[in-house]
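Dear colleague,

I am writing to hand over the structure that follows. Please look it over before reading the notes beneath it.

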Amino acid sequence: MKTESKNNSWVTRKLSKHDKIPYDLLLLADETVEAIDKYIFDSDLYIIEQKDLVIAIYVLYPLNKNEIEIKNIAVNETFQGQGIGKFLLQDAEIKAKEKMYKTLLIGTPDTAFKQLQLYQKAGFESFDIKKDFFIDNYSEPIIENGIQLKDMVMLRKIIK
Ligand code: ACO
């Protein structure tokens, strides 16, 4: 079944069980396939395609009756900085509302300033820090921009 929403020229499609999971794209936002596999099979995946190429994705993972989390959001490097990330967040909010969830959550390393800005501009507010998340949940240290990732900032948006 196609679930689509339109904004500018972008359209999302829900990935069906028969579609190949685009790990290459998911790996832009998460470190390992092992980490992705912890949430991917219990999630809904929404993609943007251009011709046969999947250029963007987000992953919605239900936490409970009221809360759903964007576990992964990624845009192919060639297409970044064109407003697609912003559009995906709007689309995720629409999809979460349609599913009757009341709160949309998203987490990111406390060092990821670009992502934090993107989420805050979209109306998300930080409410928690998962201390040592990137140490406890990954077998190898993750270094980004010369900084070892440790804590994850959790943000949420009330959407009801
Ligand atoms: N430098 C600083 N801020 C930037 C930049 C940049 N180069 N590019 C985008 N932003 C910020 C700005 O706040 C921008 O808002 P503005 O246009 O009002 O200035 C905002 O992001 C939205 O920009 P978009 O063009 O919509 O973002 P984009 O399409 O590039 O998608 C995303 C953003 C998803 C973070 C993308 O860059 C990406 O895939 N990065 C790699 C994967 C990643 O880090 N994913 C998030 C991990 S956390 C998680 O998945 C839950």
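Helices and strands are DSSP runs numbered from the N terminus, a helix having at least four residues and a strand at least two. Please note also that this is a predicted model.

With that numbering, the surroundings of the ligand can be described by element. Strand 6 (67–75), helix 3 (84–98), strand 7 (103–109) and helix 4 (113–121) each contribute at least two residues to the shell around the ligand. There are 24 residues around the ligand, and those that come nearest are I73, V75, G83, K114 and Q115. Sorted by class, the shell consists of ten nonpolar, ten polar and four charged residues. As for its location, the ligand sits in the largest pocket.

Which atoms of G83, K86 and K121 does the ligand approach with its oxygen atoms? For G83, a polar backbone atom lies 2.7 Å from an oxygen atom of the ligand. For K86, a polar backbone atom is again involved, at 2.8 Å from a ligand oxygen. For K121, the partner is an N or O atom in the side chain, 3.0 Å from an oxygen atom of the ligand. The ligand taken alone exposes 990 Å², of which the protein buries 75%.

Turning to charged pairs, the count of salt bridges in the model comes to nine. One of them joins the side chains of D44 and K14, with an N to O distance of 3.6 Å. This pair links distant parts of the chain: D44 belongs to strand 4 (residues 44–50) and K14 to strand 3 (residues 13–14), and the two are 30 residues apart.

Yours sincerely

Notes: Residues are numbered from 1 along each chain as its sequence is written. This is a predicted model: local features need pLDDT of at least 70, side-chain atom pairs count only at pLDDT 80 or more; totals for chains, interfaces and linings use all residues. Side-chain values use heavy atoms; hydrogens and water are left out. A residue is near a molecule or strand if one of its heavy atoms lies within 4 Å of it. A polar contact is a pair of N or O atoms within 3.5 Å; within protein, one must be able to donate a hydrogen and the other to accept it, and residues adjacent in sequence count only if both atoms are side-chain atoms. Accessible areas come from the Shrake-Rupley method with a 1.4 Å probe; for residues, only the protein chains shown count as cover. On a 1 Å grid over the protein atoms alone, a cavity is a set of points where a 1.4 Å probe fits but cannot get out, and a pocket is an open set with protein on both sides within 12 Å along at least five of seven lines; lining residues have an atom within 4 Å of a point. A molecule sits in a cavity or pocket if more than half of its atoms lie within 2 Å of its grid points. Ala, Val, Leu, Ile, Met, Phe, Trp, Tyr, Cys and Pro count as nonpolar, Asp, Glu, Lys and Arg as charged, and the others, Gly among them, as polar. A salt bridge is a side-chain nitrogen of Lys or Arg within 4 Å of a carboxyl oxygen of Asp or Glu.
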